[in-house]
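I opened the model to look up one residue and the charged pairs around its helix. My notes follow.

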Amino acid sequence: MKVFEKIKKVFFKIVPNYAVGAIVVTLIFNFLVFCGTKPITESLHHYEVYTPIDSVIPLIPAFVTIYLLAFVQWLVGYLVLIRKGVNTCNKTLALLFMAKCITLIAFLVFPTTISRPDITSGDIFSRILKLVYTIDTPYNLFPSIHCLESWIVFRETVKIKDIPKWYKILTFVMTMLVFASTLCLKQHVFIDIPAAIITVEIAAVISNKLRVHKLFAVINKIGIPKKWIRKRR
């Protein structure tokens, strides 16, 4: 119990109370979109959509560091945005939710796959990439969730006036590197990148029109049991 209390203390020191309920809902929905659709589509025909660009991009295992660091970018990026206030929190998570709704439809209607190369090198980057290939099966690729998440973090970050310029530039550079990593690791084909950007931009329009952030405002008010929340002074 003491360990749980320590974890809870650290968690609520980082995450605002008003965002906890919405974050839990978002994480569950994200998991369902990515993992829940695979059993449904596994028996369907999966398309391979290659372009001339894909044929000239070499496999560069070293990019696996960027691919994995993307998770750090999302964690830090979303935390920065969520901590900018209730309104920014709700709008950011609403955009993410709507983008994943569109992604869910794409995964079910247009399931895709990719032919991965054999990795024969024994260097550290190649070994890590082999592990990534084992864990992350080559399905649910269109649009690229890696690119989608990084694009949301970038586009929402540049809208906040009091975020330092250096951080916005760093976010942009990291986002471009994440885009490149998905291609250089043969995790995605080129078309998956613009598909991710277009998905986010369409989601932004729909989210604003339907005022989806109001839904997250309700979720945040419901929140989680009060006894779990550390009171803030």
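**Threonine at the helix end**

I looked up Thr 157 first and found it buried, at 1% relative accessible area (buried is under 20%, exposed over 50%, partly exposed in between, with a 1.4 Å probe and protein chains only). The model is predicted, so I kept in mind that local features need pLDDT of at least 70 and side-chain atom pairs pLDDT 80 or more, while totals for chains, interfaces and linings use all residues. Numbering runs from 1 along each chain as its sequence is written, and side-chain values use heavy atoms, without hydrogens and water.

Thr 157 belongs to helix α8, residues 145-157 (helices are DSSP runs of H or I, at least four residues, numbered from the N terminus). Its side chain reaches the backbone oxygen of Val 153 at 2.5 Å. Leaving out residues up to four places away in sequence, Thr 157 touches Leu 81, Ile 163, Tyr 167, Lys 168 and Thr 171 (contact means heavy atoms within 4.5 Å).

**Salt bridges**

I noted five salt bridges in the structure (a Lys or Arg side-chain nitrogen within 4 Å of an Asp or Glu carboxyl oxygen). One of them pairs Lys 100 with Glu 149 at 2.7 Å, N to O. Lys 100 lies in helix α6 (residues 86-109) and Glu 149 in helix α8, so the pair ties together parts 49 residues apart in sequence. Lys 100 is buried at 2%, and Glu 149 is buried at 6%.

I then checked Glu 156, which bridges to Lys 159 at 3.2 Å. Glu 156 is buried at 7%, whereas Lys 159 is exposed at 52%.

Terms used
Helices (H or I, at least four residues) and strands (E, at least two) are DSSP runs, numbered from the N terminus. A polar contact is a pair of N or O atoms within 3.5 Å; within protein, one must be able to donate a hydrogen and the other to accept it, and residues adjacent in sequence count only if both atoms are side-chain atoms.
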